[in-house]
Amino acid sequence: MGAPPAQLKVAGRSAVAPFIVMDVLSAANERAAAGEDIVHLEVGEPGAGPPEPVLDAARQAIGRVPIGYTEALGRPALRAAIASHYRDRHGLAVDPEQVIVTVGASGAFVLSFLAAFDPGDRVIVPEPAFPAYKNILQALGVEVVRLGLGPKTAFKPTPDLLETVAGPVAGLVIASPSNPTGTMLDEAELAAIAGHCRARGIRLISDEIYHGITYERDACSILELERDAVVINGFSKYFCMTGWRLGWLIAPPDLVRPIELLAQNLFISPPALAQEAALIAFDCRADLDRRIDTYRRNRAALLDRLPAAGLDRLAPVDGAFYLYADVSDLTDDSARLCDDLLQEIGVALAPGADFDGAQGHRFVRLSFAGTHERVIEGAERLTRWLRERR
Ligand SMILES: Cc1ncc(COP(=O)(O)O)c(C=O)c1O
């Protein structure tokens with residue numbers, strides 16, 4: 001063994017921003033392990049696990065079927081079940097050949113971004129947004145064009161805002177309902193964005209992972225309006241299967257084979273056991289729909305308590321399980337505020353910087369995906385703290 005080389009190269013493209021909420025989660029867990037009673041309002045993870053029949057299907061699959069590799073695009077039966085879900089929920093005929101099962105929605109981002117964009121291409125990411133969009137694009141050498149959103153458009157991208165982006169654009173990533181704001185784009189708003197993209201040859205990627213978790217109206221899928229869009233979805237949120245690492249994308253025909261080639265090489269196949277279990281998940285939709293009532297009660301409790309305590313500049317929470325709150329009257333450093341709240345009252349929140357590099361320091365995100373009791377406990381600690389502070 002010789003001396004180690006002085007300096008081995010670490011690729012510059014690996015220098016993406018951290019997913020700050022995971023750091024907050026670690027700090028919160030450390031405190032919980034030391035005996036503190038921590039309320040987790042930081043993580044976007046359903047409080048309940050998968051429905052019992054899903055767990056049973058997984059238990060029975062072990063020993064009954066080989067848990068080996070599957071087709072790179074996913075098991076044909078699961079691709080067909082996902083396609084049927086679009087007929088059931090949106091009245092849409094989706095060709096199972098266009099359904100691609102992935103390692104979480106996260107895997108679908110990597111595959112679709114790799115298949116659709118080259119290094120140096122420019123892709124618009126409206127912010128605030130789920131941080132992985134920009135971080136994955138950046139790691140792939142794609143130029144991220146940030147488009148700042150705010151309360152003026154209820155945190156929604158619009159064709160007028162998109163029009164302000166100068167120069168060539170290869171793609172646009174949208175999410176409805178959005179993480180972190182929970183806002184939804186209605187049919188007319190989605191159609192306007194799709195029209196903008198179609199007229200300019202911009203590849204539209206629509207993250208629909210929070211479909212099924214809505215409070216005022218059902219979510220519209222971009223596929224109802226634009227068959228050439230790429231849809232990303234998965235089993236982590238509505239289906240409550242985060243750790244099973246299963247998602248899907250619906251790709252236009254020109255991207256299916258390129259994605260298959262990438263999937264074969266990057267992942268070989270999505271997880272076989274999770275695919276067995278997920279097949280049953282579609283039979284559990286009545287149970288899963290009932291679970292939305294818990295989120296609805298949590299949302300109502302927060303919308304009742306927080307504004308009364310002065311936290312009243314909130315994005316419209318049409319769906320998902322987040323509140324995005326402007327805290328600029330309390331601080332211009334929301335990460336610091338989150339640290340203080342964790343230390344002083346044991347409530348973990350996600351700082352806005354995770355979701356918006358430019359304006360996030362003025363915002364925090366509260367997740368109400370947990371149990372009703374814990375969300376109420378968190379709301380009470382927060383309101384007491386806010387009242388004392390003012
Ligand atoms: C908007 C959004 N898309 C995708 C994901 C990742 O989903 P998955 O667990 O399927 O990788 C998340 C997780 O929080 C999310 O909020």
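1. A good place to start is the ligand. In this predicted model, a polar side-chain atom of Lys 237 lies 2.7 Å from an oxygen atom of the ligand. Two further side chains make contacts of this kind: an N or O atom of Asn 179 is 2.7 Å from a ligand oxygen, and an N or O atom of Arg 245 is 2.8 Å from a ligand oxygen. The ligand has 400 Å² of accessible area on its own, and the protein covers 92% of it.

2. Next, the setting of the ligand. The space it takes is the largest pocket. There are 13 residues around the ligand, and those that come nearest are Ala 105, Ser 106, Asp 207, Tyr 210 and Ser 236. By character, the shell divides into six nonpolar, four polar and three charged residues. Which element gives the most to this shell? Helix 4, spanning residues 104-116, does, with four residues.

3. Two cis peptide bonds are worth a look while you have the model open. One joins Glu 127 and Pro 128, with omega at about 15°. Pro 128 belongs to the loop that runs between strand 3 (122-127) and helix 5 (131-139). The other goes from Ser 176 to Pro 177, and its omega is near -10°. For Pro 177, the place is the loop between strand 5 (171-175) and helix 7 (187-200).

4. Please also check the backbone at Phe 155. Its phi is near 60°, a positive value in a residue other than glycine. Where does Phe 155 lie? You will find Phe 155 in the loop between strand 4 (143-148) and helix 6 (159-163).

5. Finally, a small sheet. Three strands form an open sheet with antiparallel pairing, in the order 9-12-11. Strand 9 (322-326) and strand 11 (350-351) each have a single partner strand and stand at the edges, so one side of each is left without a neighbour in the sheet. As a reminder, strands of a sheet pair through backbone hydrogen bonds, either parallel or antiparallel.

6. One pairing in that sheet can be followed residue by residue. Strand 11 pairs with strand 12 (residues 363-367) in the antiparallel sense, over two bridges. Here Pro 351 stands opposite Val 364 in strand 12.

Conventions:
Residues numbered from 1 in each chain as written. Predicted model: local features only at pLDDT ≥ 70, side-chain atom pairs only at ≥ 80, totals over all residues. Heavy atoms only, no water. Pairing = 2+ DSSP bridges. Near = heavy atom within 4 Å. Polar contact = N/O pair within 3.5 Å; in protein donor to acceptor, adjacent residues only side chain to side chain. Areas by Shrake-Rupley, 256 points an atom, 1.4 Å probe, with all protein chains shown as cover. 1 Å grid on protein atoms, 1.4 Å probe; cavity = no way out; pocket = protein on both sides within 12 Å on 5 of 7 lines; lining within 4 Å. Sits in = over half its atoms within 2 Å of the grid points. Nonpolar A, V, L, I, M, F, W, Y, C, P; charged D, E, K, R; others polar.
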